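Student: I would like a close look at one helix, and then at the parts around it. Please go through it step by step.

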Amino acid sequence: MVWVLLAQALWFMIPAYVANPAAVLTGGGTPMDFGRTASSGARILGDGKTWRGFFGGVGAAVFIGLLQQAAAVATGTEAASFTGTTSMDSFPPALGILLTLAVGSLLGDVLGSFVKRRLGIPRGARARGLDQYDFLLGTFLFLALFQTAWLLEHYLLGDAVFGLALVILITPLLHKGVNVLGYKLGRKDVPW
Ligand code: CTP
Ligand code: MG
């Protein structure tokens with residue numbers, strides 16, 4: 001059923017989507033590059049990437065993902081389970097997938113900032129494309145490295161590619177929505 005695949009594609013991406021807004025809410029303090037600059041004089045990453053944001057983002061994404069898994073287990077809904085199974089044994093492997101999604105998403109965002117600084121784009125300035133997709137690229141890169149079979153099954157093989165297409169289509173819209181909300185709530189200085 002393609003509808004189930006599409007719903008799963010979005011459901012399983014929730015932790016990756018949660019990670020960066022959670023980093024915005026928890027961020028501050030020591031920057032991940034410890035204030036260091038590259039030979040060009042530009043910061044390695046800049047003050048927009050902090051350790052508190054990184055760990056806050058990972059923690060929140062994993063927490064939400066465990067709630068999702070608990071909902072799947074409690075209701076016996078295999079399609080909603082990160083592992084496809086609904087026994088208590090599903091939690092450790094689900095945690096592996098969740099950590100991959102969370103860390104991949106946040107490091108993708110870090111890589112985006114690294115690229116922006118190398119291009120001479122200051123912290124917080126807009127970089128269309130990069131801002132919207134860096135975290136998704138990181139997520140899929142990490143899945144390819146650490147959860148290859150899971151990535152193939154849910155986003156690449158057969159009709160699952162429609163799930164990938166949906167995620168790619170919906171990501172800029174979600175990104176825009178979340179950033180405008182963050183801006184209106186005063187959590188972000190700019191609406192992107
Ligand atoms: N943030 C953080 N740590 C992270 C990611 C985000 O502390 N690992 C916080 C920072 O306060 C950051 C805000 O979330 O300013 C918004 O994140 P983002 O838009 O990714 O950073 P920018 O400030 O726009 O910086 P950049 O140009 O490097 O993307
Ligand atoms: Mg930004």
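Tutor: Start with the length of helix H6, bearing in mind that this is a predicted model. H6 runs over residues 160–184, which makes 25 residues. At 1.5 Å a residue the helix should span 36 Å, and its end C-alpha atoms are 36 Å apart, so the expected and the computed span agree.

The axis of H6 has a kink of about 35 degrees at Ile 170. The proline Pro 172 follows shortly after that position. Pro 172 can also be related to a part outside the helix. Gly 129 sits in the loop between H3 and H4, and its C-alpha atom is 8.5 Å from that of Pro 172, although the two are 43 residues apart along the chain. Gly 129 counts as partly exposed because its relative accessibility is 31%, which falls between the cut-offs of 20% and 50%.

Next, consider which residues of H6 are covered. Ala 160, Gly 163, Leu 164, Val 167, Thr 171, His 175, Asn 179 and Gly 182 are buried. What do these buried residues pack against? Their partners are helix H1 (2–26), helix H4 (130–146) and helix H5 (148–156). Leu 181 also belongs to H6, but its relative accessibility is 52%, so it counts as exposed, the cut-off for that being over 50%. The C-alpha atom of Leu 181 is 7.9 Å from that of Pro 191, which is ten residues away along the chain. Just after H6 comes Gly 186, with a positive phi of about 80 degrees.

One of the helices that H6 packs against is H1, and Gln 8 is a residue of H1 to look at. Gln 8 has a relative accessible area of 12%, so it is buried; the limit is under 20%. A polar atom of its side chain lies 2.7 Å from the backbone oxygen of Ala 79. Apart from neighbours within four places in sequence, Gln 8 is in contact with Ala 79, His 154 and Tyr 155.

The loop between H1 and helix H2 (51–75) contains Phe 34. Phe 34 is not a glycine, yet it has a positive phi of about 55 degrees. Most residues other than glycine have a negative phi.

In H2 itself, take Val 62. With a relative accessible area of 11%, Val 62 is buried. Leaving out neighbours within four places in sequence, its contacts are Leu 95, Leu 98, Leu 99 and Ala 102. Val 62 can also be compared with Ser 105: the two are 43 residues apart in sequence, and their C-alpha atoms are 12 Å apart in space.

The length check used for H6 can be repeated on helix H3, residues 91–118. For its 28 residues, 1.5 Å a residue gives an expected span of 40 Å, and the end C-alpha atoms are 40 Å apart, so these values agree too. H3 is followed by Gly 120, whose phi is positive, near 80 degrees.

Last comes the ligand. Which residues come nearest to ligand 1? Of the 17 residues around it, these are Lys 49, Thr 50, Ser 113, Arg 117 and Arg 123. A polar atom in the side chain of Lys 49 is 2.7 Å from an oxygen atom of ligand 1. For Arg 117, an N or O atom of the side chain is 2.7 Å from an oxygen atom of the ligand. Lys 188 has a polar side-chain atom 3.0 Å from an oxygen atom of ligand 1. Taken alone, ligand 1 exposes 560 Å², and the protein buries 87% of that area.

Terms used
Residues numbered from 1 in each chain as written. Chains lettered and ligands numbered in written order. Predicted model: local features only at pLDDT ≥ 70, side-chain atom pairs only at ≥ 80, totals over all residues. Heavy atoms only, no water. Helix = DSSP H or I, 4+ residues; strand = E, 2+ residues; numbered from the N terminus. Expected span 1.5 Å × (residues − 1). Bend = angle between axes of the 7 residues up to and from the residue. Buried < 20%, exposed > 50% of the residue type's maximum accessible area, 1.4 Å probe, protein only. Contact = heavy atoms within 4.5 Å. Near = heavy atom within 4 Å. Polar contact = N/O pair within 3.5 Å; in protein donor to acceptor, adjacent residues only side chain to side chain. Areas by Shrake-Rupley, 256 points an atom, 1.4 Å probe, with all protein chains shown as cover.
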